[in-house]
Each structure stands twice: as structure tokens, then as C-alpha cells.
Amino acid sequence: MGEEVVLLLIVDGMSYSTLEASNTPMMDYLHRKGAMLTNCVVEAIPTISRSAHATIATGAPVEVHGIYGNKYYERKNGKLIGFGPKHLRAETIAEVAEREGLNVSVLGNKGLGLSDITQEMHTPGDEGGAKAIRILGKGASVIRVSDNTEVLEEARKQILEKIRKREPISHKQYVELDNVLAELVVETLDTEQPDLLMATFFGVDKASHGYGPTSREAIFTMENFDRILRRILLHLEEKRTKVSVIVTADHGNTEVNNYIDIVSLGREIDGVEEIITEGRRSARVYLEDDADREFVKDELLRIRGVRDVVDVYWDSEKVGDLMVFPGYSSTFGVGLITTRRSCHGSPAPSDSVVPLLYYVPGMKFEKYVIVRQVDISPTISSMIGVSPPKDSVGRSLFSPFR
Ligand SMILES: [Zn+2]
């Protein structure tokens, strides 16, 4: 084990409502010891995993890093394409660190391919998945996700089996997966001795989707994450490794009770070539060449529960001509097997303002009341002593560098 490590732990879909409803003694303890807990704005719209993981990795806005969401519709052959590391156009923190001779390990249990079989039968793009982890970790010497570790792969198989049998998936299985990942984190800290370790735990997002962000189940999963944090920090303390830690979410979650079948309704509008949902609180509209844009916008706005329709000005060949967002308690997710209680993807604060806790032992910092997700990568840069990724537009929360 090295003498010092920086941890970035991403709690997928952790909204303020979940955190505030939960008992988190470890995070509270860090807070008392000088950790900052503040509001982090997710500017990558849609507010979903892949775009947010790319922003965290690069410190760049979406139009620069090129990961516009989880997926897009390829017009020329009518296929859905998932965004992956090959679409990433900006430099990542892992690339900078490895070039400077540091070791970076990146882990995640997100790549389960569950949404293909459950909620997304009508749009086969994978939600989040292993690709979010591969985007976050692009350039890292160690990347461990469910498709390249036996333990996670086994856990994945068991959950898929339940889905096939149409048996309900208990939040306890997601908690179990988070615990499996926690042990992998501990093992990786010992075997790889990384200078920077980044890991994404997806339990809270899944429990929020299934039961709601302030449900007993989401709280149970959140509180389990706090125990995971304690487990990891105690392990490092035993090894006398100095640890600095950032805990945040890639995006939030919004409780929903109004379900809008935007895909079916949108396809009926004259001039719409295709419409796909992203995170279920946003949708992309691809127009036909001769479409009357203003007419389509008006028709979309007439759909009950639609709140906003906005023009897309960059890369519209790929990411569509319009984006549509639902109102505050609505979703475009119409589940075929399970009903979602919570979704994300929109610019509403419940989706786009998430907790950010950062801690360096023995250091006190000026409190920033609001930070941006693009600040995370420059902050990590100053913690590990390298320059920020070159397209990053954020600032270090630890400047001047210690
Ligand atoms: Zn999610």
C-alpha cells in the first residue's frame, strides 16, 4: 500500500432527498473533522450517467467532451448507439495522472445490462452501464467492471435470472452488489496501490428508481454506502495510508407519479423521424428534413406533462434537433415490467443539484456554497499534484495547491 491515496466515490443517483433522509454517521464524522459538504451542479444535460461520468473525468462541458448522454439514434441506419470511451474527445484525469507516473484504478458495478431487459424493451440502449465506468476510467491502468471480474459477473447472472423468471428484485440484491464492489475496492487498494482510485456504486440509483428516493429501500441502500465508506477508510487507517476523499453523485433523482408515453405520442407528430428517451426525464427528437420545426415544438408542448422543448444547436445529426423535458413530477418512462418511482435526466434541481463531500485530513478550506461538476477533475488534480486535464473549465476547490 502506498502512503497516500485519493478516493473518488460516486454514489450513482444519490439525490439530496435520499442523503437527508438517511443516517450517515461516517459522512457526519468526516464533516465534523473538517470535510466540506456542498451543492454540486450537474450541467451535463441530460443528467444521466455517461455524460456526467465524462464531465467528472474531464472537467469539460458536454459539447467539448462529446458524451452527450447514454445513447443516440444513428439516422443513416436507424440504430441506437451507446456512447462509450471512443466518443470521448477530451483528456481525462486518469490520462493525466498515468502520464505523470501515477497509478489510477477505476471500479464499478454498473455494467449489469439490466435495463435492456426491464424498463427499456422499447428502446434497447443500455442505461449507464459498464461504459460509464470505462468513460470515467479512460486511460487508467486498472479498470474493473462487471464484465471483467468474476464476482461481479456472478452477481449479475443471479439478478438476470430473477428478471427472466419475473421475480421481483429486492433492493437487498443491489446492496449486496455494492458490498461486493466495496470488497473489490479494498482488494484493489492492497494489490494495485493506486494513487487515485475512482469507484461508482449503483445501489442507490437502482433502489431510488424502484422504490423512490426517500423510500425505506433507498435509505437502506444509502446507509449501507455509509458503512462501505467506513469499511474502506478503516482499512486504509489500519494500513496507515493517508486518504483524501470525495463523495458525490453523477446525477440526482426525482420522485415521479405521472407517466407520459412520449415515444408513442411523439412519433405520431408530422415531421418527427424518431424520438428516444434518455434517463426518462428527457427525450431527443430527430426531425425529418422537411419538418416544420415550430409546428413540432407546439405539438410536443401540447402533450400533458411536457414542460420544456428546446432546440439543440450542436451535433444535431447525432444528438437530435430538439430536447424535451417533463414537468417536476413526470417521467417519459413507461415501464413494461416494473414501474419507476423515480427518474432523472432533466435540468430540474432534484436531477441536477447533488451532494459533494470533500475531505483532506488536517486541512480546512473556504466553503464554496455552490460548485460545479466540472470542478471535480481540477480538484482531484490538485489533490494528486498534477495539472488539470487540458479541456477542463472548472477550478480546484483546494487552490492554492497544498
Ligand atoms: Zn438511473
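Let's start with one pair of residues: Thr277 stands opposite Ala283 in β12. Keep in mind that this is a predicted model.

Thr277 belongs to strand β11, residues 272-277. β11 and β12 pair in the antiparallel sense, over 5 bridges. Together they make a hairpin, with 5 residues between the strands. Look at Gly279 in the turn. Its phi is positive, about 70 degrees.

Now stay with β12, residues 283-287. Is this strand mostly covered or mostly open? Mostly covered. Of its 5 residues, 4 are buried. β12 has another partner too: strand β14, residues 322-326. These two run antiparallel, joined by 3 bridges. One example is Arg284, whose bridge partner in β14 is Met323.

Let's zoom out to the domains. The assignment gives domain 1 as 4-256 plus 344-384, and domain 2 as 258-340. Their C-alpha centres lie 27 Å apart. The contact takes 28 residues from domain 1 and 30 from domain 2. On the domain 1 side, β3, α10 and β9 each supply at least two residues. β3 gives the most, with 3. By class, that side has 10 nonpolar, 13 polar and 5 charged residues.

Last topic, the core. The largest nonpolar core has 106 residues. Leu9, Val11, Val106, Val324 and Leu357 have the most contacts inside it. Where does this core lie? Both domains give residues to it, so it lies between them. As background, nonpolar side chains in soluble globular proteins tend to be buried together.

Finally, find Val106 in the structure. Leaving out residues up to four places away in sequence, Val106 touches eight residues, including Ala94, Ile133, Leu136 and Met198.

Terms used
Residues are numbered from 1 along each chain as its sequence is written. This is a predicted model: local features need pLDDT of at least 70, side-chain atom pairs count only at pLDDT 80 or more; totals for chains, interfaces and linings use all residues. Domain bounds come from an automatic or database domain assignment. Two residues are in contact if their C-beta atoms, placed from the backbone, lie within 7 Å. Ala, Val, Leu, Ile, Met, Phe, Trp, Tyr, Cys and Pro count as nonpolar, Asp, Glu, Lys and Arg as charged, and the others, Gly among them, as polar. A nonpolar core is a set of buried Ala, Val, Leu, Ile, Met, Phe, Trp, Tyr and Cys residues joined through C-beta atoms within 7 Å. A residue is buried if 20 or more other C-beta atoms lie within 10 Å of its own, exposed if 12 or fewer, and partly exposed in between; C-beta atoms are placed from the backbone. Two strands pair if DSSP finds at least two bridges between them.
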